[in-house]
Every structure is written in structure tokens, then in C-alpha cells.
Amino acid sequence: MVNITEKIKECDFLPFCDALRTLTRFQDRGRNGSDSKWVTRTHHRSVGPVADGFAENKATEYHLGLLKGKLARLRAQLLEPGPGAGSGGGAGFDVSKSGDARIALVGFPSVGKSTFLSKITKTKSEVAAYSFTTLTAIPGVLEYGGAEIQILDLPGIIEGASEGKGRGRQVISAAKTSDLILMVLDATKRAEQRALLEAELEAVGIRLNRSPPNIYVKAKKAGGMKITFQAPPKYLDEKMLYNILRDYKMLNCEVLVRDENATVDDFIDVIMKDHRKYIRCLYVYNKIDSVTMAYLDELAREPHTVVMSCELDLGIADVVERCWQELRLIRIYTKRQSIDPDFGEALIVRSGSTIEDVCDQIHRTMKDTFKYALVWGASAKHIPQRVGLGHFVADEDVVQIVSAWRA
Ligand SMILES: Nc1nc2c(ncn2[C@@H]2O[C@H](COP(=O)(O)OP(=O)(O)OP(=O)(O)O)[C@@H](O)[C@H]2O)c(=O)[nH]1
Ligand SMILES: [K+]
Ligand SMILES: [Mg+2]
């Protein structure tokens with residue numbers, strides 16, 4: 001029988017790859033069900049009907065859920081060692097963020113990442129037919145829609161990158177800091193490349209094109225665990241969550257599961273939320289000059305996907321336009337009283353921004369004297385609408401800030 005506490009200790013002394021290998025072996029053993037010690041036998045009150053597979057094999061599901069919880073915690077420890085832990089950390093490249101947003105070019109070697117960067121920015125990143133031409137992060141600036149977008153050309157990554165192969169972990173760390181991941185794929189290469197890359201990003205806590213699970217967890221000082229399901233869950237039950245929470249030493253907390261389809265992986269993502277990053281991803285197939293029309297047709301219809309040929313200069317503008325849409329940046333034109341706004345110069349804020357964010361963007365102390373704002377545009381109910389700091393702005397709104405001392 002395997003004792004996970006021993007394994008945890010063992011992992012602390014092993015280099016990263018060995019530790020992950022040990023963990024993987026351990027996880028496989030767990031899947032086979034030989035380590036039954038970890039199925040706790042506490043009294044359990046079942047909550048409503050559950051999905052067939054889950055109901056049939058509850059013991060295995062509890063066991064696997066707990067193992068996944070432990071594994072997620074260990075992975076996070078291995079990926080982000082504490083202070084004084086020396087090398088092997090998740091540090092990215094030394095490129096400071098600049099502009100209104102950052103896009104990371106992630107992909108296998110020689111898919112055309114540097115070729116693309118050189119096409120859309122003034123930066124020239126070395127292009128060659130051999131793998132690992134790019135060895136570090138090369139930043140370029142794309143000016144679009146009145147915004148300055150930083151594009152980060154990165155070294156190619158290979159399978160096993162999340163475990164530290166090549167410069168994989170550094171690349172993934174850089175990707176984690178971006179607002180949008182542009183996954184550059186080679187249309188002439190086998191279709192599995194996309195799933196392989198996704199798995200590498202997933203392994204370090206990046207969640208692509210997903211939103212955080214609809215589960216609310218709040219730590220408390222006392223009162224034990226309170227687990228509530230808004231609707232009968234299909235893949236979870238109270239005992240499973242209880243076991244995982246206890247393992248995480250979250251003995252006092254409130255849990256509200258709002259989504260009946262939530263899985264144990266979702267639940268783990270929520271309790272590991274400090275190690276999860278939800279990032280939008282656009283899949284870009286390059287080199288479409290070298291595939292059949294039928295295959296091109298197929299690729300272009302995949303979700304969140306665009307196709308291009310850097311070599312023939314085809315589809316580049318579409319890719320840039322899609323990037324802009326995916327970033328969901330909002331352009332705000334500010335105006336002064338009785339003066340027309342300057343439509344040549346926009347203020348850029350993120351989607352979901354309010355008048356308060358607009359104030360902060362103008363000046364640090366702007367909202368100290370804020371009285372109200374007048375808004376013209378899509379977010380205004382009438383023209384102009386008088387609003388407070390909490391008003392959500394929309395793309396291309398015109399905003400006039402009225403300060404207390406001036407009114
Ligand atoms: N056929 C074809 N070849 C292309 C296209 N775009 C780039 N290439 C070629 O693909 C090769 C690799 O291009 P790079 O831009 O160096 O690729 P990369 O992804 O930056 O590669 P690494 O930095 O090594 O990871 C070069 O020989 C390019 O000329 C394209 O649209 N079609
Ligand atoms: K290359
Ligand atoms: Mg390159």
C-alpha cells in the first residue's frame with residue numbers, strides 16, 4: 001500500500017521531473033484502485049439522484065477525487081516553490097509588460113511564431129527552418145484600434161514542457177501573464193498537436209476559454225463545513241467534497257455548488273484558485289499554403305480558430321482583427337465641457353470596466369474630486385446619461401467627468 005505522506009516527503013527531495021514521474025506512477029496506481037485506504041468511511045447522507053456512472057462506482061470516485069485533490073496541491077507546490085527554494089521555479093522571461101494588453105505566441109518549434117511577429121510588428125525576430133531558432137522572449141508592439149498591444153514571441157515548446165523540458169516552464173510562465181494566448185499551429189502537422197499543447201498548459205493551471213466553475217467556497221474561522229447544492233449534483237456529493245476539504249485542512253468553510261454539472265476537477269480548481277489562470281485562447285493555423293482546400297475548410301471551422309499563411313501573406317489581417325475581438329478592449333473617448341471629443345485618441349480599458357476604471361486610467365487622484373460623469377454611447381440609456389463611478393462603460397463611449405470643485 002502506498003502512503004501519500006511518504007510520497008509528498010519524497011517529492012520534496014527530488015528534482016522536478018523525477019517528482020512528477022513519481023507522482024504520475026502513484027496516480028496510476030490510484031486509478032487501479034489498489035490503494036483503498038484513502039476511501040474514508042465517514043457517515044454519509046446522499047444528496048439527490050446522481051449520474052449513473054458516479055452512482056455505480058462511488059468508492060472509486062471518492063478515491064479518485066481525493067487523489068486528484070492531493071495531486072493538484074503537490075503539482076502547485078512543485079511548480080511554485082516557496083522562497084529560498086532555489087531554481088526550478090516558475091519564473092518567466094525578463095520582459096516587462098507594456099501597452100494596453102499582452103498576447104503570447106505559444107506553439108511547437110518552427111510553426112511560424114517569429115515569422116508572424118515580424119509580419120505584424122516592427123520587431124524582427126529571427127526566422128529559420130530549424131527548431132528552437134528563438135531562444136528567449138522577444139517583445140513587439142502591435143498598434144491596433146488606438147491601442148498598443150504587446151506581442152510576445154516565445155521559444156517553441158515540446159511535449160513535456162510543463163515538466164521542464166526545454167525552456168517549457170519559462171514559456172508557460174510567460175504565457176500565464178498574458179491577456180490572450182495565440183496558439184500557433186502548423187496546418188501541415190498532425191492534428192493531435194493542439195491537444196498536446198492544451199494538456200501542457202492545463203498541467204500548470206492555465207484554463208483556456210473557460211470561466212471559473214460556478215462553485216462558491218468561503219473559508220470561515222469556526223462552524224465546521226456547510227455544503228449546499230443548489231440543484232441535485234450529477235457528479236459530486238457531500239462526502240466527496242467533505243473528504244477533499246478535510247484533506248486541504250479547510251475544516252471550517254461554506255460551500256455552495258451552483259452548477260449541477262460541476263465535477264470534482266471543477267471543485268479542485270475552485271479551492272486551488274490562487275494557482276489557476278483563466279485565459280482566452282485563439283488557435284491560429286499557419287502554413288495553409290501547404291494543405292488541401294478540404295482540410296483548410298475543416299480547420300477553419302473549429303471553434304476559436306483562424307487560419308493564415310505568413311508566407312503568402314494570407315489571412316494575417318483577419319488574425320489581427322480576431323485578436324482584437326478576443327481581447328475585448330474598450331475604447332473610451334473623453335471630452336471636456338462644450339468641447340468635442342478627440343476621436344483620434346482613445347483611452348483603453350478592459351471589458352467589464354466602470355467609470356471608476358476610466359478615472360484611474362486618466363489620473364490616480366481623478367476619482368477623489370469626482371462628482372458624476374456624462375456618458376454618450378452604447379452604455380448610456382439616454383443621451384447623455386448622468387452616471388456614478390459604478391457605471392459599466394462600453395466600447396467607443398464618450399465620457400465627460402465632472403469634478404466636485406468645478407460644478
Ligand atoms: N510554407 C510555409 N512556411 C512558413 C510559413 N510561415 C513560416 N514558415 C517557415 O517556417 C519556418 C519556421 O518559421 P519560424 O518563424 O522560425 O518559426 P518559429 O515558430 O518561430 O520557430 P522556433 O522559434 O524555432 O520555435 C521558416 O522556415 C519559415 O520560413 C507559412 O505560412 N508557410
Ligand atoms: K524555427
Ligand atoms: Mg521563433
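Of the 407 residues in this protein, 33% are buried. The model you are looking at is predicted, so it helps to start with the overall layout and then zoom in on one strand pair and the ligand.

**Overall fold**
- The protein holds 12 helices and 15 strands.
- Taking contacts between residues at least 6 apart in sequence, 65% of them link residues at least 24 apart.

**The annotated domain**
- An unreviewed UniProt entry carries the annotation "domain: OBG-type G" for residues 101-328.
- Within that span, helix accounts for 29% and strand for 25%.
- The C-alpha atoms at the two ends of residues 101-328 are 10 Å apart.

**A strand pair to look at**
- Strand E7, residues 225-229, runs parallel to strand E8, residues 253-257, and five bridges join the pair.
- If you want a landmark here, find Thr228, which sits opposite Leu256 of E8.
- Between E7 and E8 the chain passes through helix H8, residues 238-247, and the resulting β-α-β crossover is left-handed.

**Around ligand 1**
- Ligand 1 is surrounded by 24 residues.
- The closest of these are Gly112, Ser114, Thr134, Gly156 and Glu311.
- Helix H5, residues 113-120, supplies the largest share of this shell, with three residues.
- Sorted by class, the shell contains 12 polar, eight nonpolar and four charged residues.

Notes:
Residues numbered from 1 in each chain as written. Chains lettered and ligands numbered in written order. Predicted model: local features only at pLDDT ≥ 70, side-chain atom pairs only at ≥ 80, totals over all residues. UniProt positions renumbered as here; feature names shortened; annotations may be inferred. Helix = DSSP H or I, 4+ residues; strand = E, 2+ residues; numbered from the N terminus. Buried ≥ 20, exposed ≤ 12 C-beta atoms within 10 Å, placed from the backbone. Contact = placed C-beta atoms within 7 Å. Pairing = 2+ DSSP bridges. Right-handed = clockwise from strand over helix to strand, strands pointing away. Near = placed C-beta within 6 Å. Nonpolar A, V, L, I, M, F, W, Y, C, P; charged D, E, K, R; others polar.
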